[in-house]
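Here's a quick walk through one side of a chain pairing and a helix packing. Have the structure open as you read.

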Amino acid sequence: MTPVEIALLVFVVACAVAAAALRDVLASIIAFGAFSLGIAAVWVLLRAPDVGLTEAAVGAGVMTVLFLLTIAKTVRPADEALFESVDPWALVTAVALVAVLATTLGALPAVGAADEPVTGGDVTTYYLENSYEDTEVENAVTAVLAAYRGFDTMGEAVVVYAAGVSLLTVFGREVFG
Amino acid sequence: MSSPDDGSASGDAFETADQQPAPYVESPIIMTTVRVVTPFVFTFGLFVMFHGANSPGGGFQGGVIVGTVVLLLGLAFGIETTREWLGPHPPVVVVGLGVLVFVGIGTGSVLLGGGFLEYEAYGINHASKYGIELVELAIGAVVAGIVTGMFFAISAGGAPGGEPE
């Protein structure tokens with residue numbers, strides 16, 4: 001790992017812990033926004049700029065604004081403690097869960113390894129070799145998203161639509177706001 | 001909001017529980033910045049949507065960026081003002097149109113004898129490229145409308161059928 005990657009990962013983990021531990025909700029939201037921005041940079045380092053763009057726009061941008069709108073309707077806790085008090089059993093459970101999940105990390109191929117199925121698999125090779133002739137777009141991610149797997153993407157768009165409809169249903173309105 | 005221990009410290013606490021909607025502070029710096037930045041953000045959002053075919057990006061990302069324009073306006077000029085300026089219907093209309101366009105393009109190619117979203121069935125030159133651009137635009141419309149709508153809905157709160165105070 002390069003020093004940049006190490007610094008970024010330390011930053012991301014620190015922001016995540018701060019977002020969970022800070023007592024002031026506003027400070028917690030700011031830490032969460034910084035966490036999302038760090039994760040977006042991690043995606044770019046992992047050569048997934050499409051996902052990085054989404055994380056930066058949704059996670060760091062829109063979600064922060066929506067959270068801020070939400071806490072504007074809440075009341076700040078009166079005491080002055082900086083950090084949330086931690087339940088030791090919850091902490092132990094969370095750490096144990098992460099430890100169990102972390103045992104699968106050894107089975108993952110190294111990032112960018114030549115023999116991993118993502119880079120050398122039949123499906124990937126087919127997309128990379130044929131997507132331009134088939135769909136006339138240069139971004140293979142878009143080709144998969146809007147042409148090869150277009151039906152799935154329609155499902156995604158309809159899920160977003162359904163989320164909006166359910167929000168309106170919960171609020172008992174026909175239009176937003 | 002009454003704190004029994006120290007009545008002096010209540011000044012720095014948020015007292016937004018009884019002042020609806022979300023507090024709005026008019027700031028010339030923010031208003032000017034937003035006024036300058038907004039056209040560029042909007043154009044960049046459209047660029048991400050259209051250019052997603054050839055570079056990172058696409059409808060989901062571009063739609064969020066376009067939706068951010070309304071959020072910026074809301075933060076700078078007040079959410080109520082922006083809501084009145086935009087009117088109640090555009091987010092809902094845009095979302096519905098986006099879904100209809102996407103589903104229409106997909107099923108249209110089936111009606112013409114191809115598979116779902118088989119753009120070549122339309123028989124236009126470069127049908128695939130234009131079809132993908134149109135689908136990205138439709139996705140962007142759905143996402144931008146939902147982001148805008150959620151912003152207004154959350155700020156208005158959940159009073160059933162009622163206007164925000």
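## Where chain B meets chain A

In this predicted model, 57 residues of chain B are in contact with 43 residues of chain A. On the chain B side, the elements that chip in two or more residues are helix 2 (59-77), helix 4 (90-111) and helix 5 (127-156). Helix 5 of chain B gives the largest share, with 18 residues. Sorted by class, that side of chain B has 35 nonpolar, 19 polar and 3 charged residues.

Now for two of those helices and how they pack. The axes of helix 4 and helix 5 of chain B come within 8 Å and cross at roughly 150°. Angles over 145 degrees count as roughly antiparallel, so that is how helix 4 and helix 5 of chain B run relative to each other. Their crossing is left-handed. On the helix 4 side of chain B, the contact includes Pro91(B), Val95(B), Phe102(B) and Ile105(B). From helix 5 of chain B come, among them, Leu134(B), Ile139(B), Ala141(B) and Gly145(B).

Here's the class make-up of both sets of residues:

| Set of residues | Nonpolar | Polar | Charged |
|---|---|---|---|
| Side of chain B that touches chain A | 35 residues | 19 residues | 3 residues |
| Contact of helix 4 with helix 5 of chain B | 17 residues | 5 residues | no residues |

One last stop: is Thr43(B) buried or exposed? This residue sits in helix 1 (residues 28-51) of chain B. Thr43(B) has 13 other C-beta atoms within 10 Å, so it counts as partly exposed. Its C-alpha atom is separated by 8.1 Å from that of Val66(B), 23 residues apart along the chain.

Technical notes: Residues are numbered from 1 along each chain as its sequence is written. Chains are lettered from A and ligands numbered from 1 in the order in which they are written. This is a predicted model: local features need pLDDT of at least 70, side-chain atom pairs count only at pLDDT 80 or more; totals for chains, interfaces and linings use all residues. Two residues are in contact if their C-beta atoms, placed from the backbone, lie within 7 Å. Helices (H or I, at least four residues) and strands (E, at least two) are DSSP runs, numbered from the N terminus. Ala, Val, Leu, Ile, Met, Phe, Trp, Tyr, Cys and Pro count as nonpolar, Asp, Glu, Lys and Arg as charged, and the others, Gly among them, as polar. Axes are lines fitted to C-alpha atoms, for helices over the stretch in contact, and angles run from 0 to 180 degrees between N-to-C directions. Angles under 35 degrees count as roughly parallel, over 145 as roughly antiparallel, 65 to 115 as roughly perpendicular and the rest as oblique. A crossing is left-handed if the near helix is turned anticlockwise from the far one by less than a right angle, and right-handed if clockwise. A residue is buried if 20 or more other C-beta atoms lie within 10 Å of its own, exposed if 12 or fewer, and partly exposed in between; C-beta atoms are placed from the backbone.
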